[in-house]
Amino acid sequence: MNYNFDVLDTEKHKELIIKTVLTMGSWEQIEWLFEFYGFEEVKEVFLKDFYGPQELPVPTIYLWGLLFLDEKEYWDYRKRRSKMKLSERWEQKRTVKGSF
């Protein structure tokens, strides 16, 4: 990872840390993430990203969406993505909760 861990503050940079570990973390780092921040805090950051500008990569959303989204919402998202043109998939989208 490209961060200087000596200058990262676990509270101030919480979202960056959580998103980075969800995307690129090893199993040990993921275990640390959930022990340090707790399930609800990690879920909150994931959902904020999911309903916001979606900075997390789609494969990360697919993986962690299984844990953090309800089943209908997860499969609706997958179905919507599969129907998109390639150009639409690359656009940064803002989604609004309930717009699925």
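Which residues of helix α1 (residues 14-24) are buried? Keep the predicted model in view as we look, because a predicted model is what the whole tour rests on. In α1, the buried residues are K14, I17, I18, K19, T20, V21 and L22. Among the elements that cover these buried residues of α1 are α2, α3 and α4, the last of which spans 58-68.

Let's step back to the overall layout. The protein chain has 6 helices and 0 strands, and reading along the sequence gives the pattern α-α-α-α-α-α. Of its 100 residues, 32% count as buried. If you take the contacts between residues at least 6 apart in sequence, 44% of them join residues at least 24 apart.

Just ahead of the helix we began with sits H13, in the segment before α1. H13 counts as partly exposed, since its relative accessibility is 22% and the buried class ends at 20%. Leaving aside residues up to four places away in sequence, H13 touches V7 and L8.

Next, follow the chain into helix α2, where you will find I30. With a relative accessible area of 11%, I30 is buried. Its contacts, not counting residues up to four places away in sequence, are V21, G25 and W64. V21 is one of the buried residues of α1, and so I30 in α2 touches a residue that has already appeared on our tour. I30 can also be related to I18: the two are 12 residues apart along the chain, and their C-alpha atoms are separated by 9.0 Å.

How do α2 and α3 sit relative to each other, parallel or perpendicular? Two packed helices are described by the angle between their axes and the distance between the axes. Here, the axes of helix α2 (residues 27-37) and helix α3 (residues 39-51) come within 6 Å and cross at roughly 105°. The two helices are therefore roughly perpendicular to each other. On the α2 side the contact is made by L33, F34 and Y37, and on the α3 side by F39, E41 and V42. Sorted by character, the residues of this contact divide into 5 nonpolar, no polar and 1 charged.

Now to the aromatic rings. The count comes to 14 aromatic pairs. One of them joins F36 and Y37: the ring centres are 4.8 Å apart and the planes are at 80°, so this pair is edge-to-face. The cut-off behind that label is a plane angle over 60 degrees. The two partners also have their own degrees of exposure: F36 is partly exposed, with a relative accessible area of 44%, whereas Y37 counts as buried at 11% relative accessibility. Y37 is also one of the residues through which α2 contacts α3.

Elsewhere, F34, F39, F46, F50, Y51, Y62, W64, F68 and Y77 form one aromatic cluster. Some of these names are familiar: F34 and F39 also take part in the contact of α2 with α3, and W64 is touched by I30. Y62 has a charged neighbour as well, for R78 lies over the face of its ring, at 3.8 Å from the ring centre.

Helix α4 is home to T60. T60 is buried, with a relative accessible area of 7%. Not counting residues up to four places away in sequence, T60 touches L22, T23, F46 and G65. Two of those partners tie back to earlier stops: L22 is among the buried residues of α1, and F46 belongs to the aromatic cluster.

One last stop is a backbone detail at Q54, which is found in the loop between α3 and α4. Most residues other than glycine have a negative phi. Q54, however, has a positive phi of about 55° although it is not a glycine. At 16% relative accessibility, Q54 counts as buried, as the limit for that class is under 20%.

Notes
Residues numbered from 1 in each chain as written. Predicted model: local features only at pLDDT ≥ 70, side-chain atom pairs only at ≥ 80, totals over all residues. Heavy atoms only, no water. Phe/Tyr/Trp six-rings, centres within 6.5 Å; stacked < 30°, edge-to-face > 60°. Buried < 20%, exposed > 50% of the residue type's maximum accessible area, 1.4 Å probe, protein only. Lys NZ or Arg CZ within 6 Å of the ring centre and 35° of its normal. Axes fitted to C-alpha atoms, helices over the stretch in contact; angles between N-to-C directions. Helix = DSSP H or I, 4+ residues; strand = E, 2+ residues; numbered from the N terminus. Parallel < 35°, antiparallel > 145°, perpendicular 65-115°, else oblique. Contact = heavy atoms within 4.5 Å. Nonpolar A, V, L, I, M, F, W, Y, C, P; charged D, E, K, R; others polar.
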